[in-house]
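Subject: Structure handover

Hi,

Here is the structure I promised to pass on, with my notes underneath. Have a look at it first, then read on.

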Amino acid sequence: MTAKIVENQVEVPAAAEAVWERVVHPDGINHEMRPWMTMRLPRSASGLTVETIPLGQPIGRAWLRLFGLIPFDFDHLTVVELEAGVRFLERSTMLSMRRWEHERTLTPVARGTQVHDRVTLQPQLPIPGLGMLLAWVVDAFFKHRHRRLQKYFATR
């Protein structure tokens with residue numbers, strides 16, 4: 001089964017430094033994902049952010065919770081590349097995904113910051129059409145995340 005790639009971008013009305021601080025912190029990540037889901041880092045990663053996770057070292061199971069309540073999947077979260085203030089690349093596996101890569105890049109623009117997300121996914125199960133369906137869901141979910149991020153900074 002081949003991997004699927006989903007890309008989305010949004011312009012956020014804030015300086016790149018402020019956006020970066022928000023998008024690498026668990027509170028900011030969960031704000032983007034709500035109300036559909038949240039992610040909880042393992043206890044051993046308490047106090048860490050995407051920026052402070054040791055590169056290339058899995059931190060354990062980061063549980064994904066539907067509506068913030070019901071555990072439905074987990075991410076073996078591993079940050080493999082980081083350019084502080086600019087970009088990170090997470091390369092992980094999940095209960096549902098054989099391959100999950102999420103790259104987020106911030107670029108200063110005239111009216112704030114462009115946030116670009118590229119997700120590469122490959123489901124665990126070799127069910128025909130599952131990759132396309134999950135790519136559609138991930139695309140919709142990242143559009144939702146971008147709207148939430150944009151709205152957060154628009155109201156500040």
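Let's start with the charged pairs: a search of the whole structure turns up 11 salt bridges. Bear in mind as you read that this is a predicted model.

One of the pairs is Glu-7 with Arg-118, where the closest N and O atoms sit 3.2 Å apart. Glu-7 belongs to strand E1 (residues 4-12) and Arg-118 to strand E8 (residues 112-123), so this pair ties together parts that are 111 residues apart in sequence. How accessible are the two partners? Glu-7 has 42% relative accessibility and therefore counts as partly exposed. Arg-118, at 31%, counts as partly exposed too.

Glu-32 and Arg-104 make another salt bridge, with 2.9 Å between the closest N and O atoms. This one also links distant parts of the chain, as Glu-32 is in helix H2 and Arg-104 in strand E7, 72 residues apart. Are these two buried or exposed? Both Glu-32 and Arg-104 are buried. They also belong to a wider arrangement: Glu-32, Arg-104, Asp-117 and Arg-145 are linked in a network of salt bridges.

Then there is Glu-103 with Arg-87, whose side chains meet at 2.5 Å, N to O. Glu-103 lies in strand E7 and Arg-87 in strand E6 (residues 87-92), so the salt bridge ties together parts 16 residues apart in sequence. Arg-87 has a relative accessible area of 13%, and since buried means under 20%, it counts as buried.

Now the sheets. E6 and E7 sit in an open sheet of 5 strands, in the order E1-E8-E7-E6-E5, with antiparallel pairing. E1 and strand E5 (79-83) stand at the edges with a single partner strand each, so one side of each has no neighbour in the sheet. From one strand to the next, the twist averages 10°. E6 and E7 run antiparallel and are joined by 6 bridges. Arg-87 comes up again here, standing opposite Thr-105 in E7.

The other open sheet has 3 strands in the order E2-E3-E4, again with antiparallel pairing. Its edge strands are E2 and strand E4 (70-76), each pairing on one side only. The twist in this sheet averages 25° from one strand to the next. E2 and E3 pair over 4 bridges in the antiparallel sense, and Met-37 has Leu-66 in E3 as its bridge partner. Strand E3 (residues 61-66) pairs with E4 over 6 bridges, also antiparallel. If you want residues to click on, Leu-64 stands opposite Asp-73 in E4, and Arg-61 has His-76 in E4 as its bridge partner. E3 and E4 form a hairpin with 3 residues between them, and Phe-67 in the turn has a positive phi of about 55°.

On to the helices. Which residues of H1 are buried? They are Ala-16, Val-19, Trp-20, Arg-22 and Val-23. Seen down the axis of H1, these buried residues fall within an arc of 165°, so they line one face of the helix. On the other side of H1, Glu-17 and Glu-21 are exposed.

In helix H2 (residues 26-33), the buried residues are Gly-28, Ile-29, Asn-30, Glu-32 and Met-33. What do they pack against? The buried residues of H2 pack against helix H1 (16-23), strand E2 (37-40), strand E7 (97-109) and helix H3 (130-154). H3, for its part, lies across E1, E7 and E8, running at about 10° to E1.

Last, the interior. The largest nonpolar core has 35 residues, and Val-12, Val-19 and Trp-100 touch the most other members. At least two residues of this core come from each of E1, H1, H2, E2, E3, E7, E8 and H3. H3 supplies the largest share, 7 residues. Leaving aside neighbours within four places in sequence, the contacts of Val-12 include Val-19, Val-115, Leu-149 and Phe-153. Arg-111, Gly-112, Thr-113 and Gln-150 are also in contact with Val-12.

That's everything from my side.

Cheers

How values were computed. Residues numbered from 1 in each chain as written. Predicted model: local features only at pLDDT ≥ 70, side-chain atom pairs only at ≥ 80, totals over all residues. Heavy atoms only, no water. Buried < 20%, exposed > 50% of the residue type's maximum accessible area, 1.4 Å probe, protein only. Contact = heavy atoms within 4.5 Å. Pairing = 2+ DSSP bridges. Axes fitted to C-alpha atoms, helices over the stretch in contact; angles between N-to-C directions. Arc of directions from axis to C-beta. Salt bridge = Lys/Arg side-chain N within 4 Å of Asp/Glu carboxyl O. Core = buried A, V, L, I, M, F, W, Y, C linked by side-chain atoms within 4.5 Å.
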